[in-house]
Amino acid sequence: MSRHLSLPALSEISSTSLSKIRLIATDMDGTLTRRGKFTPALLQALEDLAAADIQVLIVTGRSAGWVSGLSSLMPVAGAMAENGGLYFPPGNHKPVVLTPISDLTQHRQRLATTFENLQTKFPKIQESADNRFRITDWTFDVAGLRQDELQTLDNLCQQMGWGFTYSNVQCHIKPQGQDKAVGLLQVLREYLPHYSSEQIVTVGDSPNDESLFDRRYFPVSVGVANVLEYVNQLQYQPAYITAAAEGEGFCELSSYILKSLHISQ
């Protein structure tokens with residue numbers, strides 16, 4: 001029997017638990033988007049959450065350059081880029097590098113060399129177009145790679161001293177120990193210390209969100225329905241699953257949280 005069959009539906013979470021939520025730390029691609037785009041319903045959900053004083057923090061694998069532009073245009077309380085590598089506070093503040101890098105030029109060259117080594121074994125992999133806007137990691141397109149190939153790439157990266165993860169969009173070569181949970185915990189500790197664990201819900205849809213489902217740190221976590229494509233590969237699984245996929249699943253979560261606030265008032 002598939003392990004995901006035992007995961008509770010979001011509808012099973014108590015309104016009492018939901019009414020305590022004050023911060024939503026969420027992945028973006030495949031979690032906020034629908035077929036790669038933001039929908040009017042998603043943007044309205046973000047506005048409704050902000051009006052209810054529930055903050056949304058984006059935690060994405062997207063590049064520093066991409067996140068810098070987008071986060072300043074959205075009603076969010078900041079954003080983390082490159083799977084925990086950087087934090088963009090709300091407003092137009094300079095990003096905080098969460099992964100210490102002593103020599104950026106040398107770091108980027110080491111990443112490029114690692115990617116070239118992977119290409120000798122996987123000639124079909126192609127560098128992502130956004131690499132020029134990245135600081136801490138290096139990405140290539142995930143399309144066309146089988147699960148066994150992804151595992152081999154992971155093993156090769158580990159042998160060369162790097163970490164590896166992937167989403168529904170990209171594969172990431174990254175510093176070992178850099179992941180969304182590590183970055184998020186640092187941001188919570190240093191910039192958002194007033195939130196307790198019961199006031200935070202983490203949301204995601206793919207393997208690079210796995211650390212956000214670690215219940216030792218995030219007891220309330222939600223996977224949008226499309227996470228079921230990967231969930232049996234994950235060591236840490238979400239505490240709850242939405243009925244809807246992608247951005248519609250996030251809107252489902254938003255609706256439950258806002259309704260729970262009205263019930264508790």
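In this predicted model, helix α6 spans residues 180-190, and its buried residues are Lys180, Ala181, Gly183, Leu184, Gln186, Val187 and Leu188. An α-helix has 3.6 residues a turn, so residues three or four places apart point the same way. The cover over the buried residues of α6 includes five strands: β1 (23-26), β2 (55-59), β3 (79-81), β4 (86-88) and β9 (200-204). At the N-terminal end, α6 is capped by Asp179, which places a side-chain oxygen 3.1 Å from the backbone nitrogen of Ala181.

**The sheet β6-β8-β7**

Three strands make up an open antiparallel sheet, in the order β6-β8-β7. The edge positions belong to β6 and β7; each has a single partner strand, so one side of each is left without a neighbour in the sheet. On average, neighbouring strands of this sheet are turned by 20 degrees against each other, direction ignored. Strands of a sheet pair through backbone hydrogen bonds, either parallel or antiparallel.

Strand β6 (residues 138-141) is joined to β8 by 4 bridges and runs antiparallel to it. Strand β7 (residues 163-166) also pairs with β8 in the antiparallel sense, over 4 bridges. A hairpin is formed by β7 and β8, with 3 residues between them. Some of the bridge partners are listed below.

| Residue | Bridge partner in β8 |
|---|---|
| Thr139 | His172 |
| Gly163 | Lys174 |
| Tyr166 | Cys171 |

How many residues of strand β8 (residues 170-174) are buried? The count is 5 of the 5, so β8 is largely enclosed by the rest of the structure. The burial applies to both faces: Gln170, His172 and Lys174 are buried on one side, and Cys171 and Ile173 on the other.

Two helices lie across strands of this sheet. Helix α4 (residues 104-121) lies across β6 and β8 and runs at about 30 degrees to β6. Helix α5 (residues 147-159) lies across β6, β7 and β8, at about 155 degrees to β7.

**Arg108**

Arg108 is a residue of helix α4. Which side chain of opposite charge is nearest to Arg108? It is that of Asp137, 5.1 Å away; Arg108 is buried yet has no salt bridge. For reference, a salt bridge needs a side-chain nitrogen of Lys or Arg within 4 Å of a carboxyl oxygen of Asp or Glu. The backbone of Asp137 does approach the Arg108 side chain: the backbone oxygen of Asp137 lies 2.6 Å from one of its polar atoms. With neighbours within four places in sequence left aside, the residues in contact with Arg108 are Asn131, Arg134, Ile135, Thr136, Asp137 and Trp138.

**Positive phi values**

Two residues other than glycine have a positive phi. For Arg35 the angle is near 55 degrees. Arg35 sits in the loop between β1 and α2 (40-51). Is Arg35 buried or exposed? Arg35 is exposed, with a relative accessible area of 70%. For Glu246, phi is about 50 degrees. Glu246 is located in helix α7, which covers residues 246-264.

Definitions and conventions
Residues numbered from 1 in each chain as written. Predicted model: local features only at pLDDT ≥ 70, side-chain atom pairs only at ≥ 80, totals over all residues. Heavy atoms only, no water. Buried < 20%, exposed > 50% of the residue type's maximum accessible area, 1.4 Å probe, protein only. Pairing = 2+ DSSP bridges. Contact = heavy atoms within 4.5 Å. Polar contact = N/O pair within 3.5 Å; in protein donor to acceptor, adjacent residues only side chain to side chain. Axes fitted to C-alpha atoms, helices over the stretch in contact; angles between N-to-C directions. Lys, Arg positive; Asp, Glu negative; His and termini not counted.
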